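This report introduces a structure to a reader who has not met it before. The sequence and the model are shown first, and the text then turns to the interior and the strands.

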Amino acid sequence: MIGISSAEFLAVAKEQIGTTEGKGGVTKYGKWYGDRVANAAFDAAAWCDMSLAWIAYEAGRRKGGEQVAENALKQAGCFAYTVWHAQWFAKKGRFGTQARKGAFVYFDWGASKGISAIDHVGVVAGRTSDGLLITYEGNVSNGFRKLYRSYRNIVGFGYPSYAEPGQVEPEPAKDDKPSVKTAPKFPLPSGHYFGIKSAIPECHAGTTPVDKKNIRLLQSRLKERGWKITVDGEFGPQTKAIVMDFQADKGVKADGLVGARTWPLFWTAPIT
C-alpha cells in the first residue's frame with residue numbers, strides 16, 4: 001500500500017496554520033467530511049479531528065491521487081469524534097504515551113487521563129528545548145494554530161501507520177522557544193504576595209494597574225505551560241486553583257499564594 005510519511009503529513013498540516021472558520025462556523029474540513037458521509041451537519045461542527053483527516057487525505061492526494069489519498073486515511077483514521085478516533089488507535093495497538101513526530105496527541109481538559117474523557121486532538125510537530133510539545137491543532141479559538149503544550153492535559157498519542165517509523169521524543173525544532181533558565185524578578189516588596197482579594201495590605205489581587213500587569217504575566221506563563229486559564233490580570237478563584245495545583249506538583253506548600261518563593265518556579269521548574 002502506497003501511503004504518506006509523517007513529514008508529508010506535517011508539511012500539509014503546517015500550511016493550515018492561520019486557517020479560520022467561515023460564517024456560522026463552517027470550515028473546509030467540515031464540508032469535506034460532511035460530503036464524505038453525506039451529512040451537512042458536519043459543515044459547522046467541531047473540527048479538530050476532521051481537520052486531521054482532511055490533511056491526511058490531501059497529503060495522499062498530492063503524492064499520488066485519489067487512491068493514495070484513501071490509503072492515507074486508512075493510515076491515519078477518518079473521524080469527527082476524538083474519543084472514537086483514540087479508541088480506534090487503541091484497538092489497533094497504536095495508542096501510547098510516547099511523543100512521536102507526526103503522532104496525534106489527545107487532550108482531556110479535565111486531566112483525567114481517560115480515553116472516554118478526551119476533548120481535543122492535534123498533531124505533534126516537534127519539541128522545545130524546555131520540554132514543551134510543538135503541536136498543530138484545529139478548532140482552537142476558531143482557527144488552526146501552532147501551539148506549545150505541556151503534558152498536563154495529554155491523555156495519550158495515536159500513531160498513524162506512516163510510511164516510515166515515527167521519531168520517538170523528537171529533537172527540538174529550529175524555531176523552538178528557548179529554554180527558560182531564569183525568571184523575571186519578583187515584583188513585590190518583601191513579605192508581599194499575589195492572592196485572592198482580602199483586607200490584608202500585603203495581598204495583591206489585581207486592583208491596581210501595576211498589579212494587573214504582573215498578574216497577567218503570571219497567568220500568561222501558566223497558559224504557556226498548559227493550564228487553561230483566562231489572562232485577565234485578576235487573581236480570582238481560577239488562578240488560585242491552578243496555582244495550588246502547580247504548587248502541589250512542585251512540592252511547595254499549596255496555599256494558592258504567589259510569593260517570592262513560588263514566583264520563579266513558574267519559569268524554571270521542570271515540566272512533568
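## Helix α3, the cores and strand β6

G65, just after helix α3, takes a positive phi of about 90 degrees. The model is predicted, so local features need pLDDT of at least 70 and side-chain atom pairs pLDDT 80 or more, while totals for chains, interfaces and linings use all residues. Residues are numbered from 1 along each chain as its sequence is written, and side-chain values use heavy atoms, without hydrogens and water. Helices (H or I, at least four residues) and strands (E, at least two) are DSSP runs numbered from the N terminus.

The largest nonpolar core (buried Ala, Val, Leu, Ile, Met, Phe, Trp, Tyr and Cys residues joined through side-chain atoms within 4.5 Å) has 40 residues, and F9, I55, F104 and V123 have the most contacts inside it. Helix α3 (residues 48–64) gives this core its largest share, nine residues. Another core, of 17 residues, lies apart from it and includes I229 and F266.

Of the 17 residues of α3, 13 are buried, so the helix is largely enclosed by the rest of the structure; buried means under 20% relative accessible area (1.4 Å probe, protein chains only). Beyond its neighbours within four places in sequence, I55 is in contact (heavy atoms within 4.5 Å) with F9, V12, A13, Q16 and F144.

Strand β6 (residues 154–158) has five of five residues buried, so it is also largely enclosed. Its pairings (at least two DSSP bridges between two strands) are listed below.

| Strand paired with β6 | Bridges | Direction |
|---|---|---|
| β1 (residues 95–96) | two | antiparallel |
| β2 (residues 104–107) | four | antiparallel |

In β6, G158 is the bridge partner of F95, and F157 is that of V105.

Notes:
Buried < 20%, exposed > 50% of the residue type's maximum accessible area, 1.4 Å probe, protein only.
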